[in-house]
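Q: Can you walk me through this one? I'd like to go piece by piece and ask as I go.

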Amino acid sequence: MQKFKVTGMTCAACSARVEKAVSAVNGVSSCSVNLLTNSMGVEGNAKAEEIISAVEKAGYKAFTEGDNVKQKKTDSFEDTETPKLFKRFIASLGFLLVLMYVSMGHTMFNLPLPVKLENNHIAIGIIQLLLSLAVMVINQRFFISGVKGALNKSPNMDTLVSLGSAASFAYSVYALFAMTQAQLDGNIQAVPGYMHEFYFESAAMILVLITVGKMLESRSKGKTTDALKALMSLAPETALILKDGIETQIEISQVKKGDVFVLKPGSAVPVDGIIIEGSGAIDESALTGESIPADKCVGDSVSAGTYNKSGYMLCEAQKIGEDTALSKIIDMVSDAAATKAPVAKIADKVSGVFVPVVILIALVAFVVWLLCGQTVGFALARAISVLVISCPCALGLATPVAIMVANGVGAKNGILFKTAVSLEEAGKVSTVVLDKTGTITLGMPEVTDIIPCESMTQTELLNFAFSLEKKSEHPLAQAIVRKAEQEKLEAYETEDFKACVGSGIEGVINGAKAVAGNLRFVEKVTTVPLTMKNKADELSKQGKTPLWFVKNGEIAGIIAVADVIKPESPKAVSELQGMGIRVVMLTGDNENTAKAIGGQVGVDDVIAGVMPDGKAKVIRDLQKNGKVAMVGDGINDSPALTCADTGIAIGAGTDVAIDSADIVLMKSKLTDVPAAIRLSRAAFKNIKENLFWAFIYNIVGIPLAAGAWIPVLGLQLNPMFGAAAMSLSSFCVVMNALRLNLFKIYNPNRDKKIKQKTVKENKIMEKTVKIEGMMCPHCEARVKNCFEAMDEVDSALVSHESGTAVLTLNAELSDEKIKTVIEAQGYKIVG
C-alpha cells in the first residue's frame, strides 16, 4: 500500500472528492482517504506522481509519507492545527465582541454609545461593516477553501460557511446603501427601519462559531491518536553500543545488524535483539499490555520500545529500523486507521452529494419564502440558516474517529487490528475455531503423572528416566529432563545409548539394561501387568501420553507427559460462549487426546485428526452456519487463518501465521480473543451511534433551518444558532468516540449473546472402513488424504491404532471404489 498525506481537506465532501479522483487513475485498484488523519492509502501499481497529480487537479495537495518512524510522528500526528485555530479565535473574538455591543447591545438593550454615534444610524452601520469585514479577513481561510472547492466542482463545508457568511454580509451592505440613499432623499423616518435588515453580526458570528467548533474538533481528534503517539514515543533516539570494550552512544539510525548494545537498569531497548550476556527483568507492557516485567536471560529476545527494569545485559542487534516489532506494530495500527470499514460506505455516498443538495435546499427555501410574501431579509435568513447548520463533517468523522480510538485501545492491550474491516468483522463472528497446540495449550509438553512400580519411589523412577532420556532429542524426553532439573536430580551415566525412531530408546545405566518407549515397544522385552495397562489406558483417555520404562526386563513404571492447557483457556472459552459464540477445537492430534483437552476447557465441538491442508476445508464447512474466526499460531494454521472470515494469530507464533491473520494478539493469551471481539462490538456500536446522530442532526436541523416548522409550530432558527449547532455536531461525534477509551475490554458483565444462524442440515451418512497395513501417523495421513480427495467424502477420521477410517459422506460411496483407491496405496480393506 502506498501512503500519502493530503492537505486542504475540511470535511467528508473533500475526502469523497479526493477518493473519487484517485480511484479514476489507471492502475489504482482501491483508494481509502482518512479525514481524521488527513492520510490516504492507495492499492495498485499506479505511480506516486500520477496519484499526486490527480489529487492536485481535484484542488488539494498531496505528498508521500516518509519512511522514518520519527518523521511519521511529527508529520502525521502532531497537533499543529489547534494552536492556529486558537489564535484565529482570539483575534476574531476581539472584533466580534465590539460588533455585538454595537449591533445588539445598543439596539436591543439600549446600552450607551459615544455621543457622536447616538442616532447616527449610517455611522453605526459603517462601524458594523468594518468590524465584520475584519472578522472575515481573519477567517479568510473559509472563503479561500470554499471558492477553490466550488471552482473545482467539489463544494465542501467551507463553501457552505463562506456562502452563508458572504450572503449575510452582502445583504447587509445592500441595506446600508439603501439606508444612505433614504437619508439623502430626505426620507428620515425610513432610516431606522433599515437597522433591522443588518446581518453584519451574523456574518461574523457564523465564522467565529465555526472556528470554535473546528478548534474543539481538532483538539478532540488529536486525543484519538494518543495511543499511536505513545507507541511512537517509545522508540529511543540513541543506543549505547559496545565496540572493542568501549561504550559509545550513537543515533538509533546508525545501529547495524550484529552490533552489540548495552542495556543498563532504566534504559530503553533501542532495537530488537538477543541477549548474549547477563540477565534482567524487561518491562514489555507498552507492547503487550502485560504489567509484570518478564525475566530474561542469555538466548532470550528483547524488543525495541521495552524497558530494562533491572540487571545489566549485552545484546546483539537482530532487527533494526522498520523491521523491529515496534515499527511493525506502529505500521499495523496506522495502516488500520488508513483503511475504511464497510459501514462507512453509506456516509461516503451521502457525503459525495451532500453539499450540492444543501445549496439547492437553501435556494429553494429562499424562493419559497419570497413567493409566500415574506421579505428578502426573512427569506435570506432561512437560506443562510440552511447553509450554516448543514454539517458533512459529522458524517465523515463518524467512522474514522471510532476506528482510531478502538485501534488505540487494542494496541494498549496488545491486540492489533490490521484493517478497519477486521475491526468491524470480528464482532460479527458466530463461531470461533481454536487450534490446540500453542493456542489452547502451552505448546510445551510437561510431566503430569509419575507412576512407579512397587519396588521404586517416584523420585527413583524420575531419576532413572532422566538418566536415559537426557541423551534423547525427542520433545517428550525433554519434558522429563526439565522436570528432573526442576527437582535438582543428577543423571547417572548412560552407556550404549540407542534410539529406535518412532518407538523408543534403550541403554545401560549403572550396569542395568534400560528401555523406554510406547507400549508396543516395551512389550517386546517384557510382560506388562494388566493393572499397569489399565492405568495407562486411563491416562490416554485424559489426553496424556504414557511413557513406559523397563529396568532389567521388569516394568519400572510409567511417566505421563502432556501438553498442558494454558491457565486462562477455560475462562476464555466460557466468555466466548457467554457472547453466544460456538467454540470449536481443531487439531491434527488423535481423537482421544483432543477430546480430553476439549473436555477440560469446555469447547462445544472437537474436530480431531485434521491435517494442515484439511483445516481450510473444515473452516469452509463451518462458514455455512455464519462468520468464522480462526485462532492459531503455527505455519500449519496459515491456510485456515487466511480462509476464515477473521484470522487471529497468537503473537508468540510464527511470522507466517501473523502475516496470514487479520488480528494479532501480542500477549499470546486466549482471553484476548473474547476481548478483541468485545472491543469490535463496542466500536461498531459506537460507529452506528455516531452515524445515527450525524444523520438525525441533519434530518432534523435542515428542515428547521429552512423554516418548515414555522407554519406548524412557529419555530424558526436564527443563523447564529445554526452555526453554533454546526460547530458542536462534529465535536459531539468525536467526544462520543473518545468514550471508547473508557471501555473495559476484559469485563464480560455486559456481554450479549448473538443469534446463531440456523441452516437446514442434510442427513449425515457415515461409513466405517476396516484397513490393514497402517503402522504410523504418516500412514493415517496418507489414507485420510486419499479418502478426502473423493467428492463423496466430507471428512475422514483415520486411526492406525484401531485400523479404522470413519467416513462422513455427502453421497453414496461404493465399496468397490473404496477398495480400488486404498489398495492402490498398498493397504488392505478387510471390512
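**Helices, salt bridges and surface**

A: Helix α13 is mostly covered, with 13 of its 14 residues buried. Bear in mind that this is a predicted model.

Q: Where does α13 run, and what does it reach from its first C-alpha to its last?

A: α13 covers residues 376–389 and reaches 20 Å from its first C-alpha to its last. That is close to the 20 Å expected at 1.5 Å a residue.

Q: What about α17, how many of its residues are buried?

A: Nine of the twelve residues in α17 are buried, so that helix counts as mostly covered too.

Q: Which ones?

A: The buried residues in α17 are Leu461, Leu462, Asn463, Phe464, Ala465, Phe466, Ser467, Leu468 and Glu469.

Q: And what is the reach of α17?

A: α17, residues 458–469, reaches 16 Å between its first and last C-alpha, close to the 16 Å expected at 1.5 Å a residue.

Q: Switching to charges. How many salt bridges are there?

A: The count comes to 19 salt bridges. As background, side chains of opposite charge can pair when their charged atoms come close.

Q: Give me one. What does Glu575 pair with?

A: Glu575 meets Arg678 in a salt bridge, at 3.1 Å from N to O. Glu575 lies in helix α21 (residues 569–578) and Arg678 in helix α26 (residues 672–706), so the pair ties together parts that are 103 residues apart in sequence.

Q: Are Glu575 and Arg678 buried or exposed?

A: Glu575 is buried, and Arg678 is buried as well.

Q: What does Asp621 pair with?

A: Asp621 forms a salt bridge with Lys617, and their closest N and O atoms are 3.8 Å apart. Both residues sit in helix α23 (residues 612–622), and because they are four residues apart there, about one helical turn separates them.

Q: How do Asp621 and Lys617 count for exposure?

A: Asp621 counts as partly exposed at 31% relative accessibility, and Lys617 counts as partly exposed at 24%.

Q: Which residues do shared salt-bridge partners join into one network?

A: Glu424, Glu425, Lys428 and Lys627 are joined into one network by salt bridges that share partners.

Q: What about Glu506, what does it bridge to?

A: Glu506 forms a salt bridge with Lys513, with the closest N and O atoms 3.7 Å apart. Glu506 has a relative accessible area of 19%, so it is buried; the cut-off for buried is under 20%. Lys513, at 39% relative accessibility, counts as partly exposed.

Q: Now the backbone. What is odd about Asn510?

A: Asn510 has a positive phi of about 50° although it is not a glycine. In general, most residues other than glycine have a negative phi.

Q: Where is Asn510, and is it buried or exposed?

A: Asn510 is in the loop between β18 (504–509) and β19 (512–517). With a relative accessible area of 61%, Asn510 is exposed.

Q: And Asn552, what is its phi and where does it sit?

A: Asn552 is not a glycine either, and its phi is positive, about 55°. Asn552 belongs to the loop between β20 (545–551) and β21 (554–565).

Q: On to the surface. Which residues make the nonpolar patch of about 410 Å²?

A: That nonpolar surface patch is made by Trp709, Val712, Leu713 and Leu715. Val712 lies in helix α27 (residues 710–713) and counts as exposed, at 62% relative accessibility.

Q: Which residues form the positive patch?

A: Lys685, Lys744, Arg750 and Lys752 form the positive surface patch. Arg750 is found in the loop between α28 (719–738) and β27 (765–772), and at 78% relative accessibility Arg750 counts as exposed.

Q: Last topic, some distances. Where is Gly410, and how is it separated from Val102?

A: Gly410 is in helix α14 (residues 392–412) and is buried, with a relative accessible area of 0%. The C-alpha atoms of Gly410 and Val102 are separated by 53 Å, and the two residues are 308 residues apart along the chain.

Q: And what separates Leu326 from Lys256?

A: Their C-alpha atoms are separated by 17 Å, with Leu326 and Lys256 lying 70 residues apart along the chain. Leu326 is in helix α11 (residues 325–338), and Leu326 is buried at a relative accessible area of 3%.

How values were computed. Residues numbered from 1 in each chain as written. Predicted model: local features only at pLDDT ≥ 70, side-chain atom pairs only at ≥ 80, totals over all residues. Heavy atoms only, no water. Patch = residues over 30% accessible without salt bridge, like charges linked within 9 Å, V, L, I, M, F, W, Y side chains within 5 Å. Areas by Shrake-Rupley, 256 points an atom, 1.4 Å probe, with all protein chains shown as cover. Salt bridge = Lys/Arg side-chain N within 4 Å of Asp/Glu carboxyl O. Helix = DSSP H or I, 4+ residues; strand = E, 2+ residues; numbered from the N terminus. Buried < 20%, exposed > 50% of the residue type's maximum accessible area, 1.4 Å probe, protein only. Expected span 1.5 Å × (residues − 1). Lys, Arg positive; Asp, Glu negative; His and termini not counted. Charge placed at Lys NZ, Arg CZ, Asp CG, Glu CD.
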